[in-house]
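Subject: Structure for your review

Dear colleague,

Please find below the structure that I am handing over to you. My findings follow it, and I would be grateful if you read them with the structure open.

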Amino acid sequence: MSATYAPATMVGDGTSAKSRTRARWRRWRPWVVMGAIVLVGAVIMILPQPANSGDPYALDNPSANGSQALGRILERHGVRITVVHSASEALEKAHAGDTLAVVGDRLDPPEARRLSQTTADLVAVDVGWTLSNLVPGVHASSGSFSTEKRSASCADPDAQAAGTITAVYLVRADDDVEATTCFPERSPYGWTGAGTYLTLESNGRRTAVMAGGETVVNSSLAHEGNAALALRALGRHKHLVWYVAKPSSNQTTNAELGLYDVLPPWLPMVGLQALVLLFVAALWRGRRLGPVVTEPLPVVVPAAEASRGRARLYRKMGARGRAAAALRAGTARRLGVRLGLPRSAGPTEMVDAVARASQRPPLSVEALLYGLPPVDDRGLVSLAQELDRLESEVHHP
């Protein structure tokens, strides 16, 4: 009665789904890491910007040219501040009994004429040469172009409370305008009629003009009486509307826009990161030899030398499964030829024929020819010795 055993299963080179997945992960890991870096950089670029800005006269700008300190002090004294970004919004938010501060010299004439119609008290700070459009009858005047300490020299209570301020620029009112000019400019020939601070009242609305921004910026707010003048002029009412003038959108037409103007602001930084990663990837891939390919050898290599070379490659790569599969395939091929088996013979026919010729149990023959791959070098050496011993036991039928 012949022995029965489970049908053999071809193991191949001993790889499994887990080992193949691990190998693929090692191959794709650098690309995954680089993609993650690009993704993180893109997310950082499109995240909302921090609350602090760098715009001149901005109430959230803590740097020297900002007005954050003035805004904090006003709020501490109970003044509610509304920051607006357009003339239309300024006219909508500022009403009678409020204070509208128009700050900066980027105001265009049509916008200035619109703002002059406000019903709120108006404070113009460093408006520049469009001042006459915002406050009719008042003009910017040339100054000394250096910071000077000036005394009030007027009856305005706010100016008298400040005492002295530091200023550079000047403003001047027409002769037919009833205005109070403070901190005046004096030449060797007497008063020039120009000053740093000017106030006037018309139709129950008070207008104050500060020629320069020295009294509101962080860098000089603590100098002399700058803070006193700014706080009294801007804090007269409980609600302050703060408008920093910028170029209006109609000043730049679509024909003047270039490609760089319509791109999102974060795109250049993301593009730079992508170029750096591309350069690193090119260096990394350029150092590799690429996949191994077969090609005709120009010379004849002895079989023993080729076997040793292949064995060294298997050992370097730790490919014990491939080495074991090669040993078993060679042994099975030679045994099949010796026993007269056809090339189409399957594992079952091979095991039966070898077991009868060697007088070994079929399960032992199956484990040698089609078993699991060895887990270490010692197991591989033992498998090679057992295969050699099995081959020596099989003779021609």
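Is Glu224 buried, partly exposed or exposed? Before the answer, please note that the model is a predicted one. Glu224 has a relative accessible area of 46%, and because buried means under 20% and exposed means over 50%, this residue is classed as partly exposed. You will find Glu224 in the loop between strand S10 (205-210) and helix H7 (226-234). Its backbone also deserves a look: phi of Glu224 is near 50°, a positive value in a residue other than glycine.

The chain as a whole

The chain contains 14 helices and 11 strands. Of its 397 residues, 36% are buried. The area exposed by the chain is about 24500 Å², and 58% of that area is supplied by carbon and sulfur atoms. If one takes the contacts between residues at least 6 apart in sequence, 61% of them join residues at least 24 apart.

Individual residues

Phe183 also has a positive phi, of about 50°, although this residue is not a glycine. Phe183 belongs to strand S8 (residues 180-187). Its relative accessibility is 0%, so Phe183 counts as buried.

Ala167 is located in strand S6 (residues 164-167). With a relative accessibility of 0%, Ala167 counts as buried. The C-alpha atom of Ala167 is separated by 9.6 Å from that of Gly195, although the two residues are 28 residues apart along the chain.

Leu313, in helix H10 (residues 303-317), has a relative accessibility of 56% and therefore counts as exposed. Between the C-alpha atoms of Leu313 and Ala323 the separation is 9.9 Å, and these residues lie 10 residues apart along the chain.

Glu391 is part of helix H14 (residues 377-393). Although glutamate is in the charged class, Glu391 counts as buried because its relative accessibility is 13%. Which residues does Glu391 touch, leaving aside those up to four places away in sequence? They are Thr331, Arg334, Leu335 and Arg338.

Helix pairs

Two packed helices are described by the angle between their axes and the distance between the axes. Three pairs are set out below in those terms.

The first topic is helix H2 (residues 68-76) with H7. Their axes come within 11 Å and cross at roughly 55°. That angle makes H2 oblique to H7, and the crossing of the two helices is right-handed. From H2, the residues Leu70, Ile73 and Leu74 take part in the contact, and from H7 the residues Ala230, Leu231 and Leu234. Sorted by class, the contact of H2 with H7 has six nonpolar residues, no polar residues and no charged residues.

The next topic is helix H11 (residues 320-339) with H12. The axes of H11 and H12 come within 11 Å and cross at roughly 70°. Why are H11 and H12 described as roughly perpendicular to each other? An angle from 65 to 115 degrees counts as roughly perpendicular, and the crossing at roughly 70° therefore belongs to that class. H11 passes H12 in a left-handed crossing. On the H11 side, Ala332, Leu335, Gly336 and Leu339 are in contact with Met350, Ala353, Val354 and Ala357 of H12. The residues of this contact divide into seven nonpolar, one polar and no charged. Leu335, which is one of the H11 residues in this contact, is also among the residues touched by Glu391.

The last topic is helix H12 (residues 347-358) with helix H13 (residues 362-370). Here the axes come within 9 Å and cross at roughly 120°. H12 and H13 are therefore oblique to each other, and their crossing is right-handed. The H12 residues Pro347, Met350, Val351, Val354, Ala355 and Ser358 meet Pro362, Val365, Glu366, Leu369 and Tyr370 of H13. This contact of H12 with H13 comprises nine nonpolar residues, one polar residue and one charged residue. Met350 and Val354 of H12 take part in the contact with H13, and these two residues also meet H11.

Yours sincerely,
A colleague

Definitions and conventions:
Residues numbered from 1 in each chain as written. Predicted model: local features only at pLDDT ≥ 70, side-chain atom pairs only at ≥ 80, totals over all residues. Heavy atoms only, no water. Axes fitted to C-alpha atoms, helices over the stretch in contact; angles between N-to-C directions. Helix = DSSP H or I, 4+ residues; strand = E, 2+ residues; numbered from the N terminus. Parallel < 35°, antiparallel > 145°, perpendicular 65-115°, else oblique. Left-handed = near helix turned anticlockwise from the far one by under 90°. Contact = heavy atoms within 4.5 Å. Buried < 20%, exposed > 50% of the residue type's maximum accessible area, 1.4 Å probe, protein only. Areas by Shrake-Rupley, 256 points an atom, 1.4 Å probe, with all protein chains shown as cover.
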